[in-house]
Amino acid sequence: MSNLRLSLPLRLVNTRLCAPYRRSFSSTPLLESGHNKWSKIRHGKAANDAKKTVVRTQFTQTISVYSKLYGANLSDNPQLATAVAAAKKAGVPKLVIENAIARGQGRSSGGNMLEPVTCEYIIPPAIAVIVDCETESKGRVLQDVNNMVKRAGGASSASRFFFTRLGRVVFEKGDTGLDVDDVMDEAIEAGAEDLEANEDGNIVIWTQPMQTTQVCRRIGEKFGLGVLSSEIIWSANDDTRSKLDSSEESTNFIDLLVAIRQYSDVQSIYSNVAKGDMNDEEWARIVENLDV
């Protein structure tokens, strides 16, 4: 939003107004203060919107997983019913929840089949980005996302060789008291290649893409663990990481990630970006808009 400043010609001020009134017209602390206040409100709103988007994405991923695993009928799928109830309590709109259930069945909210689309880009200075989408209109998605990237100075370019395709299942530890060691033997037998606990104490199991659903079902059902996500991801190879410093390029990169994340057909965003010379707040905004 631009500031609108009202000013009088200098000649008119000097000839028709006495000194005290000239001072009141020539100084603008209230306008500047208002501008600063609006800037803080605007940036605060943007940060809050970004956080809401991340939370909403987490809920929709879980809902889609349970819809895919056990069906779209809430009365026959208690895991899905629980996830939907939690999403509603968190303020996720009804339409978003319905779309997530439909996507778990590979369909749009209107019942049309969805087509997977993978978009590859290189963003300045030299950062690889992969965007996974599900859509009714491949041409529309490619055009829209390509335009976002172009405005950020990036270009469509093969970048998947910077990544490895892996299956990842995240189980919510909840109140079970179980940890990685408790499920390790069963997970390996089901096809897991690696296990770890994330910063929230949830259990993360890595596997080959084709084993993802099997691991998800077997471990979740055997140990009564809630599934936070089950997906086939693009994991950036460590030796191809690209550092990003605080600059105009980092600002453009963050704005691009936020814009892509808010696009309804986008499912996941991956990047080989690494933290360079930037503050923790900037890096946090990047991480919260990536699927890492």
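This section describes the two sheets of a predicted model, the helices packed on them, and selected residues.

In the predicted model, the secondary structure of the protein chain amounts to ten helices and ten strands. Of its 292 residues, 38% count as buried. Among contacts in the protein chain with a separation of 6 or more, 69% are accounted for by residues 24 or more positions apart.

One open sheet is built from four strands in the order S3-S1-S2-S9, and the pairing is antiparallel. Its edges are formed by S3 (155–156) and S9 (266–271); each has a single partner strand, so one side of each is left without a neighbour in the sheet. S9 pairs with S2 (residues 127–135) in the antiparallel sense, over five bridges. Within this pairing, Ser268 of S9 is the bridge partner of Asp132, and Val266 of S9 stands opposite Cys133. Although S9 is an edge strand, five of its six residues are buried, so S9 is largely enclosed by the rest of the structure.

Two helices pack on this sheet. Helix H6 (residues 138–151) touches S1 (115–123), S2 and S3, and the direction of H6 makes about 20° with that of S1. Helix H9 (residues 248–261) touches S1, S2 and S9, and its direction makes about 155° with that of S9.

H9 contains 14 residues and spans 20 Å from its first C-alpha to its last, close to the 20 Å expected at 1.5 Å a residue. The N-terminal end of H9 is capped by Ser247, which has a side-chain oxygen 3.2 Å from the backbone nitrogen of Glu249. The buried residues of H9 are Ser250, Phe253, Ile254, Leu256, Leu257, Val258, Ile260 and Arg261. This list includes a residue with a charged side chain's polar atoms in contact with backbone: a polar atom of the Arg261 side chain lies 3.0 Å from the backbone oxygen of Asn289. Arg261 counts as buried because its relative accessibility is 8%, against a cut-off of under 20%.The second open sheet also has four strands, in the order S5-S6-S4-S7, with antiparallel pairing. Strand S5 (192–197) and strand S7 (226–236) are its edge strands, and each pairs on one side only. From one strand to the next, the twist averages 25°. S4 (residues 163–172) and S7 run antiparallel and are joined by ten bridges. In this pairing, Ile233 of S7 stands opposite Leu166.

Helix H7 (residues 180–190) packs on this sheet, where it touches S5 and strand S6 (203–207). The direction of H7 makes about 160° with that of S5. Helix H8 lies across S4, S5, S6 and S7, and runs at about 15° to S4.

H8 (residues 212–223) has twelve residues and reaches 17 Å from its first C-alpha to its last, a span close to the 16 Å expected at 1.5 Å a residue. Thr212, Val215, Cys216, Ile219 and Gly220 are buried in this helix. These residues cover an arc of only 105° around the axis, which puts them on the same side of H8. The general geometry of the helix bears on such a pattern: an α-helix has 3.6 residues a turn, so residues three or four places apart point the same way. H8 is followed by Gly224, which has a positive phi, near 65°.

Beyond S7, the chain enters a loop that leads to strand S8 (242–244), and Asp239 is placed in this loop. The relative accessibility of Asp239 is 71%, so this residue counts as exposed. The C-alpha atom of Asp239 is separated by 8.7 Å from that of Phe162, a residue 77 positions away along the chain.

Key:
Residues numbered from 1 in each chain as written. Predicted model: local features only at pLDDT ≥ 70, side-chain atom pairs only at ≥ 80, totals over all residues. Heavy atoms only, no water. Helix = DSSP H or I, 4+ residues; strand = E, 2+ residues; numbered from the N terminus. Expected span 1.5 Å × (residues − 1). Buried < 20%, exposed > 50% of the residue type's maximum accessible area, 1.4 Å probe, protein only. Arc of directions from axis to C-beta. Pairing = 2+ DSSP bridges. Contact = heavy atoms within 4.5 Å. Axes fitted to C-alpha atoms, helices over the stretch in contact; angles between N-to-C directions. Polar contact = N/O pair within 3.5 Å; in protein donor to acceptor, adjacent residues only side chain to side chain.
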